[in-house]
Amino acid sequence: VVLRGQGINVLLNVFFNPIVNTARAIAFQIESAVMQLQNNFFLALKPQIYKLYAVHDYSQLHTLIVRSTQICFFLTSILSIPLFFELDTVLDLWLVEVPEYTRAFTTLVLLNGLIDSVSGPMIAPILATGKIRNFYLITGNLIIFTLPISYVVLHYGCSPESVFIVTISFSFLAMMCRIYFLHKLIKIPFLEYIIELIKLFIATVVICIVVTLYIYM
């Protein structure tokens, strides 16, 4: 993760001007503030996941994984989705002079944050098993692989936003790998869990968009 973050900073600095790095830093500062709510929630929940695995209460563990995934995504959505609509207002109030690319970068970073918001409830039970070698070899390499792909797309003249699209793509692949390892190590039903995630994503996004649009209009 560190290699990816710092490596992309270097790439953007090589291919573009320092203003692009400034815009990226602002985008991640906003994401950090948005993600703090669900991070604090999951920090309190994590010991329960370890405890349920330790006593082999897999039924309750499966329920807790699904519920915590739902809540983490919801807490991120209720902060991220309103920002999509009012991002210009927030940036103008905060910065006055908004660097180029800041709006686009922030939107893409928040989209990636929505995907990553469900990673905690997936990773914790996998860590509880202690069988983490293959898990981290695969997901770690997916994260690191973002860097060479980002270099290729920039080398062929793509815009700065392309590196964030690459990051989102690999974050999605990493999420699917986590679901696979949940199925393999915790025996959580693979297809059933994906369907629950899809229903969660659709319901949460629709509700947040409708409420935000109502207030916005």
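Q: A polar contact is a pair of N or O atoms within 3.5 Å; within protein, one must be able to donate a hydrogen and the other to accept it, and residues adjacent in sequence count only if both atoms are side-chain atoms. Which residue's side-chain oxygen reaches Ile19 at the start of H2?
A: This is a predicted model: local features need pLDDT of at least 70, side-chain atom pairs count only at pLDDT 80 or more, and totals for chains, interfaces and linings use all residues. Residues are numbered from 1 along each chain as its sequence is written, and side-chain values use heavy atoms, with no hydrogens or water. H2 covers residues 18-54, helices being DSSP runs (H or I, at least four residues) numbered from the N terminus. The oxygen sits within 3.0 Å of the backbone nitrogen of Ile19, and its owner is Asn17.

Q: Where does H2 bend?
A: Take axes fitted to the seven residues ending at a residue and the seven starting there; the angle between them is the bend. For H2 that's about 40°, at Gln36.

Q: How many residues in the contact of H2 with H5 are charged?
A: Contact means heavy atoms within 4.5 Å. Phe42, Lys46, Ile49, Tyr50 and Tyr53 in H2 meet residues in H5, including Pro121 and Leu127. Sort them all and you get nine nonpolar, two polar and, charged, just one.

Q: How many residues apart in sequence are the parts tied together by Phe73 and Phe201?
A: These two rings form a tilted aromatic pair (centres within 6.5 Å, planes neither under 30 nor over 60 degrees apart). Phe73 lies in H3 and Phe201 in H8, so the separation is 128 residues.

Methods: Axes fitted to C-alpha atoms, helices over the stretch in contact; angles between N-to-C directions. Helix = DSSP H or I, 4+ residues; strand = E, 2+ residues; numbered from the N terminus. Nonpolar A, V, L, I, M, F, W, Y, C, P; charged D, E, K, R; others polar. Phe/Tyr/Trp six-rings, centres within 6.5 Å; stacked < 30°, edge-to-face > 60°.
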